[in-house]
Amino acid sequence: MEKKIHYDSFLDRSKRIMWQDDCYVDLQSSSSSQASQLDTEDSGWIQQHQEQLCRFITSSFLEQILSHLKRMNVLSSCEESRIHRAGQLHDQVTMLTAVISGKDSPACNVLRDFVQKSHSQEAQLIISYDFLVQEHKAVLLRRCDELRDKVNLWSQSLLLVEGLSDLQQKEHDLMQVQVTWGAQRSPVRELNLTALLEPLSRASMPPRVSLTVGVAGVGKSTWVRHLVKLWSQGAVCPEISFMFPLSFCELNSLEKLSAERLLKLAFPHLSDPSLVLSSHCRTLLILDGLDHFRGTLNFSEATPCNDPKKEVSVEELITNIIRGNLLPHMAVWVTSRPGAASLIPGGLIDRVSEIPGFSQKDIKTFLNHFFSENDYNNMIWAHLEDHKTLMALCYIPAISWIMADTLKFIIQSDCHSHLPRTCTELFAHFCLMKAEAGEPRGREPVKTELLHGTNRKLLWSLGRLAFYALLRHKDTFNEQDLRAYGIDQALLQCSLGTGVLMREESLISTVYRFTHLSIHEFFAAIFYYVSSKRAIFDLFSESTVSWPKIGFQNHFKNAFQYSQQAVSGHFDVFVRFLSGLLNPQVFKPLSALVTLWKDDGSQKAWAAGFLHSLLSSGGLVVSLRSVNLVYCLHELQHLELLRSVEEDLRLGSLSRKMSRAQCVVLSYLLQVSPECSQQTNLTNCLNYNTVQCLLPQLLYCSHLRLENNQFKDDVMELLGSLLSAKDCHIRKMSLADNSISKKGAKSLSRALMVNRTLTSLNLRSNHIGSKGVKLLAEALKMNQSLVSVNLQNNGIDEEGAQAAAEVLKCNRKLVSLNLRKNMIGADGVKKIAEALKTNRTLKKLVLCSNHLGDKGTVALAGALTTNHTLLCLQLQSNSISNKGMTALTEALRLNHGLVTLNLRENSIGVEGAKDMAQALYKNSTLQELDLTANLLHDEGVQAIAGAIKSNQSLISLHLQWNFVKSPATKALAQALLCNTTMQLLDLQENAIGNEGIVSLAEALKSNTSLQTLCLQGVSAGTSGAIALAESLTTNQTLITLDLRGNTVGVEGAKALANALKINRSLKSLNLQENSLGMDGAIFIATALKGNHQLSYINLQGNGVGESGAKVISDAIRSSAPGCIVDI
């Protein structure tokens, strides 16, 4: 068409039509105007196709163009040289268009005519690319609009993962979700959907083959449609010329074809598939749902094929495309459930990502969105929190939708007195809801009995189809499959059919599948349950000849035998539903749809006994097949053993010698118990045998506490294998208070060499010694995940300190190191100090009780002059005197990083305190200073008080047990009048007296920063209490006041009580052992009837007696129910 317009216009300009003279001039004028317009159009053609010219012209095609232009005398040799010297191909093409555009119209015509007459792929793409792309995008948009997804994408990011775990490859989707609650093995990188095909860094290449996995119902197809829609709208991936979304369900209906024919079948609007499949276009082939593919992908024996026109089997076509033999320039994105994804060799995949399911926050947001018009969301959220097995399943968006839809139906049916507690109950109500959703489409209204009769017939047929499809690992069906089981289109139109079976129609095929895999398995269980009453042969055998099996119990046992033997957990959820159908609560919703026999309880009791027998038998190690038996007990609602073990777990009273059945139940609780969701506390309840039994299930705990279990080195071998496992999810592990020696440390060291998930390791109070530390140090030099290590009380000496120092020199991840209560000594800490001079990652160093002395302190002070990244340094109980203090304070004048300094229980005197005061005048980063139990006296504290007047960084000051009296207290009070940052002041166990208290109280009247004041045992009497009470009537910032161990008395209590009626800031008040008596306690209790903010009050040890305590406690609770009372 473009060529025809051009030639017609060219002929028009050459014509001369002789009109009358007065008209001829007008015609000439008109022709001149048209010629000018055509010149503009000719040069405009280059501008219009500039992007395509730069994109599709190859080096060889460029040479053809240049040769032609020279022959036509449009291009000179000099201009040709300029074009060749322009640089890269893109620059040469840009130069060519610039040169031609600068010439007159005939030159542009020559270039245009040459391109239009050329039959090369480059020329065809230059001319028709825009039209092809726009038409293709329009077609894809129409297809996307025809499919409306129920669940929107809550996240726009995929999770970039390093391959598939064993759990993902070998276990059922629901088991994967329930075991891990959707958590990842380690912190993973998020990958925005728009960056799916982009390189991860400037140095890397874009991926050719990308694999995205996700459990059934997580939204893989939704993500595919979302990307295709965004691309079709021009919002993402502008570098992609064409996207070709195909599903493996469509490919199942094909046998032998070529790549070009496949494209023609799926996208008939593309008249020439070879054009878009050429290497000149960057295309993306999307293969959605590998788990639905019925063919076999044999990458080792498939016949190589590199011809897109050659017809081969579908299996070989897909294999050659993924391998890169066929269309190597094409990017490929494959989606799959995790189990099927392993069909593709890892070496062929450039990038693996995972679709995240719902977090608990997402589930709550979804419920709020779903129930935006009423308040059902709070009721349902509370129900899910009480039933963690249901909550875990809501990680899958499709099940969240089923859950919300079904629970809404139940509530609106006025049956919310018994919301489903099990999956079987949930799906039974789901089927009832779908059956009652409406009458058959396109028919006259029919009676309810006939409606349920149709649904009953369909449920039986669908159940039969589902069961035998489950045996064959088949989850998609064509119309021939449906007819084979007596399901016709008319039957599918009933409400149940449209509710549980999805029809997916494309140009290639029409397929059917259940709305979710779990519904498929539920229907299969119903069929098996009903059939087992009258079947006389093995239902699992598709052959007509098998050993006779008569009676439900035999068939029930047979189902579990198959389930236990299935390594992949293929029948796990099927047997859960089979067990759940014996639960009486399931009878009512299903009674109208399927023939169930009423059980007097005997079958349920028998099934529970059978499951218990399976729990007690089995191998030494608890497998997920065994754990699934407990899920079956839960579906059966036989919960005695579960509740018993859960109660022991909650109370911390589990026996070290648990039976195998108890170990299996404990493994189940590790997955579903609220006590284990954040922290798995197995303190003082395990031994070697139980650890060995539980080992596979401990893999998936996030925070594992194994303290005080008397573990020896043999257990460390087991735990080492745990931390070395590919599937390890453990991020925090505490092995405190065990009996681990250097041999056990060696096992841990080997594990830490490969572990990439553990961030915190607590080995407090073991016997690893310096040799054990050396072994751990070798691992820490390489480990890139541990950020916190606790080696407190492990007999570590100078040799171990040397090993720790070597770690600090090279490790760039460790943030916290605790070496409290060891024997490092001055020489050992010198090595650590030397390492700190270069270390820039450690934030917290604990060296309390290590015999450092002044020499060791001087070494650390030297490190602090150059290290400004250490935030917390704890040096409690290290015999530090004024000499060491002088060195530290000199360092503090230069240091601008340290935030917390703990110098408790040393021998720092007045001079040391004065040095600290001088440092505080200059230091602007130190926030917490602890000088408890030193020898500061009034003179030293007065010096510090002087510094506090001007220091604006210190927020916490501990001066307990420092022989402080009223003069120093007055100085501190004066400082509080000026200071606006101090939040905590601790003066406990100093002889301050009423005089000092009065001065502090006066300061509190104007101070606006202090939040905590600790005055335990400071000889405060009635007058001091009255002064404090007076200050509380005006102070609005103090939150905690501790007056334990004083003599406030009745009058002091009365004054404080009156103040509480006015004060609006105080939340915690401790008046323990203050001689209040019954009257004083009553004053306080009466005051709480006022408008106070107290959340905690302690009145213990005040001589009120048991009866008085009860009266006062009851009075406080009735007038202030939110206040915790200790009395």
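Two strands are taken as paired where DSSP finds at least two bridges between them. The legends below apply this criterion to a predicted model.

**View 1. An open sheet of 7 strands with mixed pairing.**
The strand order across the sheet is β2-β1-β9-β3-β8-β6-β4. Its edges are formed by β2, spanning residues 189–192, and β4, spanning residues 242–247, each of which pairs on one side only. On average, neighbouring strands of the sheet are turned by 30° against each other, with direction ignored.

**View 2. The pairing of edge strand β4 with β6.**
Strands β4 and β6 run parallel and are joined by 6 bridges. The β6 partner comprises residues 283–288. Within this pairing, P245 stands opposite I286 of β6.

**View 3. The surroundings of Q671 in helix α33.**
Helix α33 covers residues 660–672 and includes Q671. Q671 counts as buried because its relative accessibility is 5%, and the limit for a buried residue is under 20%. Apart from residues up to four places away in sequence, Q671 touches M175, Q178, V179, W181, L624, V627, Y631 and Q697. One of these residues, W181, is separated from Q671 by 490 residues in sequence, yet the C-alpha atoms of the two lie 7.9 Å apart in space. The side chain of Q671 also makes a polar contact of 2.6 Å with the side chain of Y631.

**View 4. L1015 in the largest nonpolar core.**
This core contains 376 residues. F523, F574 and L1015 are the residues with the most contacts inside the core. When neighbours within four places in sequence are left aside, the residues in contact with L1015 are L987, Q988, I992, I997, L1000, L1028, L1041, D1042, L1043, R1044 and N1046. Leucine residues in this list include L987, L1000 and L1028, while the charged residues D1042 and R1044 are also among the contacts.

**View 5. Cysteines C305 and C1014 in a structure with 0 disulfides.**
A search of the whole structure returns 0 disulfides. C305 counts as buried because its relative accessibility is 5%. C1014 takes part in no disulfide, and the nearest cysteine sulfur, belonging to C1123, is 18 Å away. That separation does not meet the criterion for a disulfide, because the two sulfur atoms would have to lie within 2.5 Å. C1014 is likewise buried, with a relative accessible area of 12%.

Key
Residues numbered from 1 in each chain as written. Predicted model: local features only at pLDDT ≥ 70, side-chain atom pairs only at ≥ 80, totals over all residues. Heavy atoms only, no water. Helix = DSSP H or I, 4+ residues; strand = E, 2+ residues; numbered from the N terminus. Axes fitted to C-alpha atoms, helices over the stretch in contact; angles between N-to-C directions. Buried < 20%, exposed > 50% of the residue type's maximum accessible area, 1.4 Å probe, protein only. Contact = heavy atoms within 4.5 Å. Polar contact = N/O pair within 3.5 Å; in protein donor to acceptor, adjacent residues only side chain to side chain. Core = buried A, V, L, I, M, F, W, Y, C linked by side-chain atoms within 4.5 Å.
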